[in-house]
Amino acid sequence: MFALIDCNNFYVSCERVFNPRIDGKPVIVLSNNDGCVIARSNEAKALGIRMGHPLYQCKDLVKKHKIFVYSSNYALYGDISNRVMKLLQSYSPDFEIYSIDEIFLGLSGFSNWDLTEYGKLIRKSILLGLKMPVSIGIGPTKTLAKLANHFAKSSPTAEGVFEIKNAILVQPLLKLIPVDEIWGVGRQWSYRLKDIGIKTAYDLSACNHYEIKKKFSVILARTVLELQGISCIALEEMAPRKNIMVSRSFGSPVTLYSDIREAVANFATRAAEKLRSQNSLATGIMVFIRTNHFNKTDSQYSNSISLKFPIETDNAMVILKYAVEGLQKIFREKYRYKKAGVMLLDLIHGRVTQPDIFIDDKVMNNHNLMNALDKINGKYGKQTVQFAVCGYRKAWKSHQENISPSYMTQWDELLVVYAN
DNA sequence: TCTGGGGTCCTAGGACCC
DNA sequence: TCTGGGGTCCTAGGACCC
């Protein structure tokens, strides 16, 4: 048996941890650059605010109902996530952190337990310990645990916990679930499935998995089996990333090469930091830039380039050099750029590399210097020491109009309590 | 005026090998 | 007139997830 535990309206719930004044009020959290709605409190959902909706298109609703609006604060959400995950891991030795707000627990050692009661206990402890409301779905496969989680949220009597004891008993409920709400079935496949008469989770569970594999892919065939109660998707170890991406939309359009270069240099520096923090080396880098494709009157341009490093590296200076070199090749004058990004490619883990007798490894991989850099910036704050090419104009800076304090990760932003 | 930012896996097709 | 059979590796594109 598996449990899927996820945090309700996670980013909103994080904002509420330190700000009880917004409990019970409509709250939304925005994507980077304050663009789209990416988290909504139940009250905001009830007012008709849709997921992924651009803010400027629901400004009226926000104003009319005095909805609280927050820019996303990943330092805060990341830290709270770590605490939630740590507490949840104390309830089973087998787990898989699936996303910032979701974890699977393996419950194979709990065969004689009342899992629903255990779920309620877990739920209470997370709420009490961290003020985080969670929903818990329990089932014989990960896909059914996901579905159970869906019922845990929607059923008024479930108290946040729903258990699917076996796949046969749950069949009547599967008839109520549209096929596109199944984990692993996205929009494209749901259209194709509906075309051939498969409309509900029950319909899909009744399919022959060989047929589905032929018509779609092994992935969907696995989903069919999982719906039938045959577990095919195991808990996975946390694997290091294979690629690392850093990209941002600009607050306003950028035209100057020097400004774009500054942005790309900042993204590359940040990507290199992430790379070193997971103890990997990158084989190459991809750089991309693009104009605002929503703007129908501007002339459009979008391009990318991939470059290979001479040898694998985590040296910010080398990575920066290639990032700028790539940018030079794809940059064109006279466009209004809206977004840029870099991706470090084909990462190698554990710093096990093939040396090259023609390349001076000390130049390519200056670990001592990078360690010093990371330590200084770790101790005294981000960008205490930075590369000149990262600049100071920040013409490309994203919008971030209403960001809450980083209560957990910045000394000067700790919660202040006033006594009367 | 304003529209996010990360990831993964699978498959088909082409280039190449013997 | 007729032209095999077995592989691997790489890449781009498309699907999915949060």
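A polar contact is a pair of N or O atoms within 3.5 Å; within protein, one of the two must be able to donate a hydrogen and the other to accept it, and residues adjacent in sequence count only if both atoms are side-chain atoms. One such pair is found at Trp189, where a backbone N or O atom lies 2.8 Å from a phosphate oxygen of DNA strand C. The structure is a predicted model, in which local features need pLDDT of at least 70 and side-chain atom pairs count only at pLDDT 80 or more, while totals for chains, interfaces and linings use all residues. Residues are numbered from 1 along each chain as its sequence is written, chains are lettered from A and ligands numbered from 1 in the order in which they are written, and side-chain values use heavy atoms, with hydrogens and water left out.

Chain A is divided into domain 1 (8-76), domain 2 (81-228) and domain 3 (244-390), with bounds that come from an automatic or database domain assignment. The C-alpha centres of domain 1 and domain 3 lie 32 Å apart.

We can begin with DNA strand C. A residue is near a molecule or strand if one of its heavy atoms lies within 4 Å of it, and of the 13 residues around DNA strand C, those that come nearest are Glu102, Lys146, Gly184, Gly186 and Trp189. Of the atoms of this strand within 4 Å of the protein, 100% belong to sugar or phosphate. Beside the contact of Trp189, a polar backbone atom of Gly184 is 3.0 Å from a phosphate oxygen of DNA strand C, and an N or O atom in the side chain of Glu102 is 3.0 Å from a sugar or linking oxygen of DNA strand C. Helices (H or I, at least four residues) and strands (E, at least two) are DSSP runs, numbered from the N terminus; in these terms, strand E5 (94-99) and helix H8 (187-195) each supply at least two residues of the surface near DNA strand C, and the largest share, 3 residues, comes from H8. If Ala, Val, Leu, Ile, Met, Phe, Trp, Tyr, Cys and Pro count as nonpolar, Asp, Glu, Lys and Arg as charged, and the others, Gly among them, as polar, this surface has 5 nonpolar, 4 polar and 4 charged residues.

DNA strand B is surrounded by 24 residues, of which the closest are Ser31, Met245, Ser247, Arg248 and Ser249. Sugar and phosphate account for 76% of the atoms of DNA strand B that come within 4 Å of the protein. Side-chain N or O atoms reach phosphate oxygens of DNA strand B at 2.9 Å from Lys242, at 3.1 Å from Arg248 and at 2.9 Å from Lys339. The elements that give two or more residues to the surface near DNA strand B are helix H11 (218-227), strand E9 (244-254) and strand E12 (337-345), and the largest share, 6 residues, comes from E9. By class, the surface near DNA strand B has 9 nonpolar, 8 polar and 7 charged residues.

Lys146, already met beside DNA strand C, is also one of the buried residues of helix H6, where buried means under 20% relative accessible area, exposed over 50% and partly exposed in between (1.4 Å probe, protein chains only). Because 10 of the 13 residues of H6 are buried, this helix is largely enclosed by the rest of the structure.

Helix H5 (residues 115-130) has 16 residues, which at 1.5 Å a residue should span 22 Å, and its end C-alpha atoms are 22 Å apart, which agrees; the expected span is 1.5 Å times one less than the number of residues. At the start of H5, a side-chain oxygen of Asp114 reaches to within 3.2 Å of the backbone nitrogen of Thr116, and Thr116 is among the buried residues of the helix, as are Leu115 and Tyr118. Just after H5, Lys131 takes a positive phi of about 55°.

Most residues other than glycine have a negative phi. Asn279, however, has a positive phi of about 60°; it is found in the loop between helix H12 (257-277) and strand E10 (280-291) and is partly exposed, with a relative accessible area of 36%. Gln383 likewise has a positive phi, near 65°, in the segment after helix H15 (367-380), and at 45% relative accessibility Gln383 counts as partly exposed.
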